[in-house]
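Here is a quick tour of one protein chain, written for someone new to reading structures. Have the 3D view open and follow along as we go.

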Amino acid sequence: MRVEKLELAEIRAELEGCRKCSLCEGRTNIVFGEGDPHARVMIIGEAPGKKEDELGRPFVGASGKFLNELLEHAGLKREEVFIANVLKCRPPSNRNPQAAEIEACSPYLRQQTRSIDPDLIVTMGNFATQFILRTGVGITRLRGTWQRAGKFTVMPIFHPAAAIYDRSKRDVLFSDFELIGKYVHDKIAADEQNQQADAGSCDAAPRSSKE
């Protein structure tokens with residue numbers, strides 16, 4: 001069955017006022033996500049934190065600052081990617097997402113992914129990775145490896161917040177973002193080459209003459 005592809009503005013409108021789970025009772029703002037609606041890279045985290053809940057934007061605290069640094073290391077800009085979370089509302093005291101909350105919120109993330117249609121999905125941490133890949137394998141084993149989820153290429157990485165508490169993960173994250181940057185820039189180069197080849201084929205095609 002073909003699923004209708006919605007624009008991000010339509011998905012945001014559906015999400016406004018959502019009361020599908022108990023997280024609505026304690027939220028300040030829904031954190032829909034932000035970035036390029038046609039991004040080549042979609043970055044998915046776990047859930048909003050305190051700062052994100054206050055501002056209604058993803059990754060604006062310390063982990064967001066580090067994410068910006070990682071993107072720059074990969075030769076990418078924050079405005080060139082799209083950043084979202086599995087959950088759109090903050091769990092109390094930043095506890096782990098619960099299964100019922102993920103089930104209630106997951107249709108919005110699926111709609112976002114279909115709408116953006118990225119070349120690459122980057123999953124940050126256990127919950128985002130296990131949700132997207134539908135696996136019980138932990139992030140420690142999966143990080144830095146190329147995976148598939150349906151039509152999408154997926155790169156699981158540690159959550160940037162993990163590197164704030166465990167400095168040994170910083171170098172690992174920089175290494176993984178080097179892979180991400182290379183993948184994206186290679187894809188851009190390949191697409192440009194294909195476009196040039198298509199343009200050359202059109203120029204070389206014989207033209208009918210009119211008398």
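## A lysine to start with

Lysine 187 has a relative accessibility of 27%, so this residue counts as partly exposed. Before we go further, keep in mind that you're looking at a predicted model.

What does the side chain of lysine 187 meet in a salt bridge? The partner is aspartate 191, with 3.3 Å from N to O. Both residues sit in helix H8, and because they are four residues apart there, about one helical turn separates them. Aspartate 191 is partly exposed too, as its relative accessibility is 21%.

## A small network of charges

Lysine 187 isn't on its own with aspartate 191. Through shared partners, salt bridges join Arg40, Asp119, Lys187 and Asp191 into one network.

Let's look at the arginine in that group. Arginine 40 makes a salt bridge with aspartate 191, and their closest N and O atoms are 3.0 Å apart. This one links distant parts of the chain: arginine 40 is in the loop between strand S1 (34-35) and strand S2 (41-45), aspartate 191 is in helix H8 (residues 168-204), and their positions lie 151 residues apart in the numbering. Is arginine 40 buried, partly exposed or exposed? With a relative accessible area of 28%, arginine 40 is partly exposed.

## Another bridge onto H8

Now find arginine 143. Its salt bridge goes to aspartate 176, and here the closest N and O atoms are 2.6 Å apart. Arginine 143 belongs to the loop between helix H6 (139-142) and strand S5 (147-149), while aspartate 176 belongs to helix H8, so this pair ties together parts that are 33 residues apart in sequence.

The two partners have contrasting surroundings. Arginine 143 is partly exposed, at 23% relative accessibility. Aspartate 176 is buried, with a relative accessible area of 1%, and the cut-off for buried is under 20%. Taking the whole model, the count of salt bridges comes to 12.

## The sheet

Time to look at the strands. Six of them form an open sheet, and if you walk across it you meet them in the order S1-S3-S2-S4-S6-S5. The pairing in this sheet is mixed. Which strands are at the edges? They are S1 and S5, each of which pairs on one side only.

In general, strands of a sheet pair through backbone hydrogen bonds, and they can do so in a parallel or an antiparallel way. For a worked example, take S2 and strand S3 (residues 82-85): they run parallel, and four bridges join them. If you'd like to pick out one of the partners, isoleucine 44 has alanine 84 in S3 as its bridge partner.

## The largest pocket

Next, switch from the protein itself to the spaces in it. The largest pocket has a volume of about 690 Å³. It is lined by 26 residues, and those closest to its centre are Glu46, Ala47, Asn94, His159 and Ala161.

Which elements give two or more residues to this lining? They are helix H2 (50-55), helix H3 (62-73), helix H5 (125-133) and helix H7 (160-165). H7 gives the most, with four residues. Sorted by class, the lining has 12 nonpolar, nine polar and five charged residues.

## The second largest pocket

The second largest pocket comes in at about 310 Å³. Among the residues that line it are Leu109, Arg110, Phe131 and Lys151. Helix H4 (99-116) and H5 each supply at least two residues of this lining, and H4 gives the most, with four. By class, the lining of the second largest pocket divides into six nonpolar, two polar and four charged residues.

## A closed cavity

How many cavities of 30 Å³ or more does the count come to? The count comes to one. The largest cavity has a volume of about 110 Å³. Of the 13 residues that line it, the closest to its centre are Cys18, Cys21, Leu23, Cys89 and Cys105.

You've already met the main contributor here: H4 gives the most to the lining of the largest cavity, with three residues. The lining of this cavity divides into nine nonpolar and four charged residues, with no polar ones.

How values were computed: Residues are numbered from 1 along each chain as its sequence is written. This is a predicted model: local features need pLDDT of at least 70, side-chain atom pairs count only at pLDDT 80 or more; totals for chains, interfaces and linings use all residues. Side-chain values use heavy atoms; hydrogens and water are left out. A salt bridge is a side-chain nitrogen of Lys or Arg within 4 Å of a carboxyl oxygen of Asp or Glu. Buried means under 20% relative accessible area, exposed over 50%, partly exposed in between (1.4 Å probe, protein chains only). On a 1 Å grid over the protein atoms alone, a cavity is a set of points where a 1.4 Å probe fits but cannot get out, and a pocket is an open set with protein on both sides within 12 Å along at least five of seven lines; lining residues have an atom within 4 Å of a point. Grid points are joined across faces, edges and corners, and a volume is the space filled by probe spheres set on the points. Ala, Val, Leu, Ile, Met, Phe, Trp, Tyr, Cys and Pro count as nonpolar, Asp, Glu, Lys and Arg as charged, and the others, Gly among them, as polar. Two strands pair if DSSP finds at least two bridges between them.
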